[in-house]
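Thank you all for making time this morning. I would like to walk slowly through one structure with you, beginning with a pair of side chains and working outward from there.

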Amino acid sequence: MSSVACGMNTLHIHPRSAELQIVTSGRLVTEMVPENDVNDADGKRRVIRTELTANMMTPFYQGSVHTQFNPDCEPATFIAAFFSEDFGAGQVQDETFALSDDVIVATFGQSIAGENIDRVCKAIPTSIALGVDECLKKCNIHKRAI
């Protein structure tokens, strides 16, 4: 698989398999959040952040929320190996905002006013997102008009 310059695979899970991601060229920055009650030394929710270059790999635990980002101007190439033929995939934002408005407001509290839910839902990308402004500027990549 390939990740374009400044490409990002948004938060997602694989409910039926762990994933082993191996970078063959370029660089990827990954983040993963293990299940509840896995905390760091300060007692905060643990986030595992890894910077991978060629010939490096990282696992993503089954059901963990994770993401990958190519912070460079060149494409990155990687292999994603799964331990199940039917690993499944769910984009976290799609699944979250598919719930009823009442559940979303209750989940996010007052950070999203009820009347703004549609605007927030439409602003969230569904899969591969070109988007980190700093990388786009560094690589002289211009955003496409919507």
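Let me start with Lys138 and Asp72, whose side chains meet in a salt bridge, with 3.8 Å from N to O. This pair links distant parts of the chain, since Lys138 sits in helix α4 (residues 133-138) and Asp72 in the loop between β7 and β8, 66 residues apart. Please keep in mind throughout that this is a predicted model. With a relative accessible area of 17%, Asp72 is buried, because buried here means under 20%.

Which residues are linked with Asp72 in a network of salt bridges? The network consists of Arg27, Glu51, Asp72 and Lys138. Within it, Glu51 forms a salt bridge with Arg27, and the closest N and O atoms are 3.0 Å apart. Glu51 lies in strand β5 and Arg27 in strand β4, so this pair ties together parts that are 24 residues apart in sequence. Both residues count as partly exposed, Glu51 at 40% relative accessibility and Arg27 at 22%.

A further salt bridge joins Arg49 to Glu31, where the closest N and O atoms are 3.5 Å apart. Here too the pair links distant parts of the chain, with Arg49 in strand β5 and Glu31 in strand β4, 18 residues apart. Arg49 is exposed, with a relative accessible area of 55%, whereas Glu31 counts as partly exposed at 34%. The count of salt bridges comes to 5.

Let us turn to the strands themselves. Strand β4 (residues 27-33) and β5 run antiparallel and are joined by 6 bridges, and Met32 has Ile48 as its bridge partner in β5. Along β5 (residues 48-53) the side chains alternate, so to speak, in two sets: Ile48, Thr50 and Leu52 point to one face and are buried, while Arg49, Glu51 and Thr53 point to the other and are not.

There is also an open sheet of 4 strands, in the order β1-β8-β3-β6, with antiparallel pairing. Its edge strands are β1 (2-3) and β6 (56-60), each of which pairs on one side only. Between strand β3 (residues 19-25) and strand β8 (residues 76-82) there are 6 bridges, and Val23 stands opposite Phe78 in β8.

Finally, is His66, in strand β7 (residues 65-69), buried or exposed? His66 is buried, with a relative accessible area of 1%. Its side chain is joined to that of Glu19 by a polar contact of 3.1 Å, and, leaving aside neighbours within four places in sequence, the residues in contact with His66 include His12, His14, Glu31 and Met32.

Technical notes:
Residues numbered from 1 in each chain as written. Predicted model: local features only at pLDDT ≥ 70, side-chain atom pairs only at ≥ 80, totals over all residues. Heavy atoms only, no water. Buried < 20%, exposed > 50% of the residue type's maximum accessible area, 1.4 Å probe, protein only. Polar contact = N/O pair within 3.5 Å; in protein donor to acceptor, adjacent residues only side chain to side chain. Contact = heavy atoms within 4.5 Å. Pairing = 2+ DSSP bridges. Salt bridge = Lys/Arg side-chain N within 4 Å of Asp/Glu carboxyl O.
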